[in-house]
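Got the viewer open? Keep the selection box handy, and we'll walk through this one stop at a time.

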Amino acid sequence: MGYFGEFDKSIIENMISAFIYCKIITDEKGTPIDYKYIKVNKYYESYTGLSGKNVIGKRFKEVVPKSEDEKFNWVEFYGNVALTGKSAYTEQFSKTYDKWLQVKAYCPREGFFVAIYTDITDFKQKEQDLIEKNHKFSQLYEKIVDSEEELRQQVEEVNKMYTIVTESENKLKRSQELGQIGNWEIDLNTGLSWGSEVCDRLNGFNEKQQKLKHKDFLRYVHKEDRENLDKAFNILVKGNKKMDVEYRLIRADNNKVIYINSIAELELDSKGKPTRILGISRDITNVKEKELTIIHMAYHDFLTDLPNRSFFIDKLKNALSLSGSKNSKVAVIFLDLDNFKKINDTLGHSIGDKLLIKVAERISSCMRKDDILARLGGDEFSVLIENVKNKDEIIPLIEKINTVFEDPFNINNNLINLTVSMGISVYPDDGQTVGALLKNADMAMYKAKYLGKDTFMLFNIKMKEELTRKVKIESMIPIALKNNEFILYYQPQYETKTGKLRGFEALIRWNSPELGFLNPLEFISIAEESGLIVQIGEWVLKTAAIMGKKISEIYDTQVMMSVNISPIQLKQKNFVNLVIEAISNSGINPKLLELEVTEGVLIDSYDNSIEILNKLKEIGISIALDDFGTGYSSLSYLKKLPINVLKIDKCFIDEIESRDNENTFVETIVSLAHKLNIETLAEGVENEEQLKYLEKAQCYTIQGYYFSKPVPESMIEGIIKRNNDLLKA
Ligand code: C2E
Ligand code: CA
Ligand code: CA
């Protein structure tokens, strides 16, 4: 299997997706009937629990003996890929592994296929959860109203489910012991009714009632239930169907509302004509209250008592159907607390829970009369706003929410500063269905997080396109590595005092047959999020080191080769070894290799990063601090970080012309750096004015379009020749 080179092997081995490489087996007619495993990676082993040794060389139907259990026809799916050469993508539930899989399959050569699975069970479950919860509760509700006996069982069941305090259960029992059944009758000829003593007690009549006109009795029935009760009587009398109704009664003695269940039958004379109604009534207030509690619980969040996801979705559905007739919009705000997980992990769940309750209170305080605030789960909340005429109307509310997060939360004397990211989608502009609106608000929220949190975003269609492209880019990176689609450009750096070439910065480009020519700004952050930056970075380092060696050997020119290193790479345990390997493999002089790091490396692991940088420095490598002044920059870092070079970010250079050369910041940095024996390099220099200013500020190393854009390898020769000519002259 010479198909996989050493490089690919390591990628495949360390990938956090399962990888299989297989050969399709066909019958005489060429129809795929099975496939044979040629190669699987580590993740596959841990994922399936099967050891590679026991799988390689075997057929799918041997490895998965219950393959017929799989709903999806994997053999046909892969067969199609291997035989037509067309890549394919699917999401399936695998019964064998009890997981949802996202599968991408490619055909490296005819009759073979490579498949990469990722476990998307969590994602699918979330989706499923929503649907199921809704379903479960509506089922529950139906059952509840079925009959009282069943209700009691339900109560017990739900009781267990929610561990309700047993107190109310005792109440229920007591009421059953005390509770008596009253019987009553109505004479259909006279319209007079009679009730037993128990009936009188239920009604709160203190004295024995004489016969009561039925319509007078109705006065004690709750207004909203009168119509319903009347209907039931009508059906009983006209249709001779047993009556079984629930209604609220206002007690005559204290005006308290109680719930009554009445069951009645018709008495007919010998000719079949109805003469009397015979009924029984009992107090079901306790049961009813319990039922209402259950319904409340089914639709409210246990922790904060806010409406829950099911409730929110019901209301949203309802709002959408109403909004058409009102000719107004409906807005959904998705709120997600920033860094909540960290708080939970460091301070503990009980503080996390208390914090959520406080958060719920503060957000609630922003709500107007008809707004609905719900907790969707975890640290996610949502707001439903109806009758929106114009999107801008929502902004004041959003701003108000932001304000209530300004003060820290005090939980058990921990002062916690919290911010929130929000995404907004509006019906009908941003989606026609509940699902689309939620998804798009969520997407906008993610965008807000991506832009640095503590902010909000209104959904727009571009976000969706961006996300699709992002997913696409991520999925194509492994292929790009395999197919050598990445290339390095090199941007020269000059010393202005002498005009000499200082070195080159290696900058990656991606020439993708499918996506076109991609800028690193578009794919580096995606590669960082997915961890693929590690493999990319390894390639950049190796390639740039080889190029550096080439320059010194072929052109006999000793200049620096600068390589950008992502914070994620620096966190890899074997990073130092990797650099050593790149040096020894290429033969580059370590003094001519420079690694550019950003202040980002310090955020999570300050001491560790400094240790690694020191090790690299010991090898002789130069360390440059990139993008200085853009992030968490603090001049105090300069003293602590073992760096040789400070790259002043383009944004400061850009300001030069607009500020009438009053840019004292650059001067301050340069003079401080020089005191600390750190070289300064200005990047993004585009015109002479900037150059002049920088020289005046005593920054003598420059990189920028003014001298040259990043160029492909083929143009390096020209740059070096010019430099050599200049030196000779
Ligand atoms: P950076 O490290 O700050 O690189 C400088 C960027 O500024 C480069 O953009 C360069 O083309 C651009 N630039 C240089 N001079 C000028 C100028 O005068 N005017 C303007 N407008 N731009 C100038 P590029 O190549 O698109 O790279 C963007 C960023 O992507 C880099 O910013 C770096 O953070 C990242 N990147 C590039 N290659 C790699 C890589 O191999 N590994 C990692 N981890 N990141 C890389
Ligand atoms: Ca750089
Ligand atoms: Ca930079």
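Let's start by selecting Asn 564, which counts as partly exposed because its relative accessibility is 28%. Keep in mind as you click around that this is a predicted model. Now colour strand β22, residues 560-564, since that's where Asn 564 sits.

**Stop one: the calcium ion (ligand 2)**

Which residues coordinate the calcium ion (ligand 2)? Show side chains for Glu 505, Asn 564, Glu 596 and Asp 626: these are the ones, with distances of 2.1 to 2.3 Å. Glu 505 and Glu 596 each use an OE atom, Asn 564 uses OD1, and Asp 626 uses OD. If you look at the sequence panel, the donors are spread out in the pattern E-x58-N-x31-E-x29-D. Asn 564 in β22 and Asp 626 in strand β24 are 62 residues apart, so this pair links distant parts of the chain.

**Stop two: the calcium ion (ligand 3)**

Stay with Asp 626 and slide over to the other ion. The two calcium ions, ligand 2 and ligand 3, lie 4.0 Å apart, and Asp 626 bridges them. What else coordinates the calcium ion (ligand 3)? Add Asp 627 and Glu 683 to your selection: Asp 627 offers an OD atom, and Glu 683 appears twice, each time through OE. Counting Asp 626 as well, the distances here run from 2.0 to 2.9 Å. In sequence, the spacing reads D-D-x55-E.

Try a surface view on the two aspartates. Are they buried or exposed? Asp 626 is buried, because its relative accessible area is 6% and the cut-off is under 20%. Asp 627, at 26%, counts as partly exposed.

**Stop three: ligand 1**

Asp 626 has one more job on this tour, as a way over to ligand 1. There are 22 residues around ligand 1, and those that come nearest are Arg 509, Asn 519, Asp 626, Glu 686 and Tyr 705. Zoom in on the nitrogen atoms of the ligand and turn on distances:

- Glu 686: an N or O atom in its side chain is 2.5 Å from a nitrogen atom of ligand 1.
- Gln 491: a polar side-chain atom lies 3.0 Å from a nitrogen atom of ligand 1.
- Ile 508: here a polar backbone atom is 3.1 Å from a nitrogen atom of ligand 1.

Next, put a surface on the ligand. On its own, ligand 1 has 790 Å² of accessible area, and the protein covers 84% of that.

Now switch to a cartoon and highlight β20 (500-512), α19 (520-530) and β24 (622-628); each supplies at least two residues of the shell around ligand 1. Which of them gives the largest share? That's β20, with 4 residues. Colour the shell by residue type and you'll find 9 nonpolar, 6 polar and 7 charged residues.

**Stop four: helix α16**

Time to leave the ligands. Select residues 395-404, which make up helix α16, and show Ile 395, Leu 397, Ile 398, Ile 401 and Val 404, the buried residues of the helix. What do they pack against? Bring up β12 (329-337), α15 (349-364), β14 (380-388), β17 (420-427) and β18 (456-458), and you have the list.

**Stop five: some backbone oddities**

Most residues other than glycine have a negative phi, and most peptide bonds are trans. Here are some spots to check against that.

Start at Asn 339, in the loop between β12 and α14 (340-347). Asn 339 has a positive phi of about 55 degrees although it isn't a glycine. Its relative accessible area is 42%, which means Asn 339 is partly exposed.

Next up is Asn 412, in the loop between β15 (409-411) and β16 (414-416). Phi is positive here too, near 45 degrees. Asn 412 is partly exposed, with a relative accessible area of 48%. Leaving aside residues up to four places away in sequence, Asn 412 touches Ile 351 and Lys 354.

Finish with Pro 428, in the loop between β17 and α17 (434-450). The peptide bond from Tyr 427 to Pro 428 is cis, with omega near 5 degrees.

**Last stop: zoom all the way out**

Show the whole chain as a cartoon and you'll have 29 helices and 28 strands on screen. The chain has 729 residues, and 47% of them count as buried. Switch to a surface: the chain exposes about 38000 Å², with carbon and sulfur atoms supplying 50% of it.

Terms used
Residues are numbered from 1 along each chain as its sequence is written. Chains are lettered from A and ligands numbered from 1 in the order in which they are written. This is a predicted model: local features need pLDDT of at least 70, side-chain atom pairs count only at pLDDT 80 or more; totals for chains, interfaces and linings use all residues. Side-chain values use heavy atoms; hydrogens and water are left out. Donors are N, O and S atoms within 2.8 Å of the metal (3.2 Å for Na, K and Ca); water is not among the atoms, so sites may look incomplete. Buried means under 20% relative accessible area, exposed over 50%, partly exposed in between (1.4 Å probe, protein chains only). Accessible areas come from the Shrake-Rupley method with a 1.4 Å probe; for residues, only the protein chains shown count as cover. A residue is near a molecule or strand if one of its heavy atoms lies within 4 Å of it. A polar contact is a pair of N or O atoms within 3.5 Å; within protein, one must be able to donate a hydrogen and the other to accept it, and residues adjacent in sequence count only if both atoms are side-chain atoms. Ala, Val, Leu, Ile, Met, Phe, Trp, Tyr, Cys and Pro count as nonpolar, Asp, Glu, Lys and Arg as charged, and the others, Gly among them, as polar. Contact means heavy atoms within 4.5 Å.
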